[in-house]
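This briefing introduces a structure to a reader who has not met it before. The sequence and the model are shown first, and the main points follow by topic.

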Amino acid sequence: MLTLAIIEDQPAIREAYSAYLAAQPEFRVLLVASSVEEFLEELSHKTEMPEVVLSDIGLPGGVSGIEGVKLIKQRLPHTEVLLISVYNDAARVFQALCAGAVGYLIKNTPLNLLKEHLLQVSAGGSPMSPSVARHVVQHFRPVQAPAEVLSARELQIVQGIEDGLSYKLIADRLGIAMDTVRSHIRTVYRKLEVNSKGELLARRFGTN
């Protein structure tokens, strides 16, 4: 049986996790806490340590779930910490992984999938929700320079944006219709995988 601990401040969610996982023959829930501080305090009274800790990120007290990963690993170096959160932004994902979390799940993960993810951890895996995994893949994807993926006309459009020109002024400069400029912009966004002018400029100037 895989020994578990749960850190979750929302009573309904905490009870749902605890009741479901405790009912599974593969798991034994050793400790349930509402904060990292409570977890560490309760841990001192335990003779058996959890192999996996399922922890929320947004927790009460002075220690977040991400900060808690390092504290837990200091006390329990062989214990894996799987974080779960309503947040899936890239910054939190990478902070969590850099802190030592074995994986990162989103809170809308169904309980049956949560069970599978915990079993993956015990088997040496690093489970991540799809939206989280996408951040990781994009981070390590080789970055192509715009000149390698954009056509000559598209590069002219980007140059106009860099020069601070409106779509109308770009159209006038290139002698094309404004609708054509918009069409090229959509293609540029798709090719460079950006969603705004700010992201385009950051990608173009290499500030990402």
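A nonpolar core is a set of buried Ala, Val, Leu, Ile, Met, Phe, Trp, Tyr and Cys residues joined through side-chain atoms within 4.5 Å. The model described here is predicted. In this model the largest such core has 26 residues.

**Annotated region**
- An unreviewed UniProt entry lists residues 3-122 as "domain: Response regulatory".
- Over residues 3-122, the chain is 44% helix and 22% strand.
- The C-alpha atoms at the two ends of this stretch are 10 Å apart.

**Nonpolar core**
- Within the largest nonpolar core, the residues with the most contacts are F39, V53, I72, L83 and Y104.
- Two or more residues of this core come from each of β1 (2-7), β2 (27-33), α2 (36-43), α3, β4 (80-85), α4, β5 (103-106) and α6 (130-140).
- Helix α2 gives the most to the core, with four residues.
- Leaving aside residues up to four places away in sequence, L83 touches S55, D56, I57, G65, I66, V69, A96, A101, G103, Y104 and L105.

**Packing of α3 and α4**
- The axes of helix α3 (residues 65-75) and helix α4 (residues 90-99) come within 8 Å and cross at roughly 5°.
- Because angles under 35 degrees count as roughly parallel, α3 is roughly parallel to α4.
- On the α3 side, I66, V69 and K70 meet R92, Q95, A96 and A99 of α4.
- By class, this contact of α3 with α4 has four nonpolar, one polar and two charged residues.

Terms used: Residues are numbered from 1 along each chain as its sequence is written. This is a predicted model: local features need pLDDT of at least 70, side-chain atom pairs count only at pLDDT 80 or more; totals for chains, interfaces and linings use all residues. Side-chain values use heavy atoms; hydrogens and water are left out. UniProt positions are given in the numbering used here, feature names are shortened, and annotations may be inferred rather than shown by experiment. Axes are lines fitted to C-alpha atoms, for helices over the stretch in contact, and angles run from 0 to 180 degrees between N-to-C directions. Angles under 35 degrees count as roughly parallel, over 145 as roughly antiparallel, 65 to 115 as roughly perpendicular and the rest as oblique. Contact means heavy atoms within 4.5 Å. Ala, Val, Leu, Ile, Met, Phe, Trp, Tyr, Cys and Pro count as nonpolar, Asp, Glu, Lys and Arg as charged, and the others, Gly among them, as polar. Buried means under 20% relative accessible area, exposed over 50%, partly exposed in between (1.4 Å probe, protein chains only).
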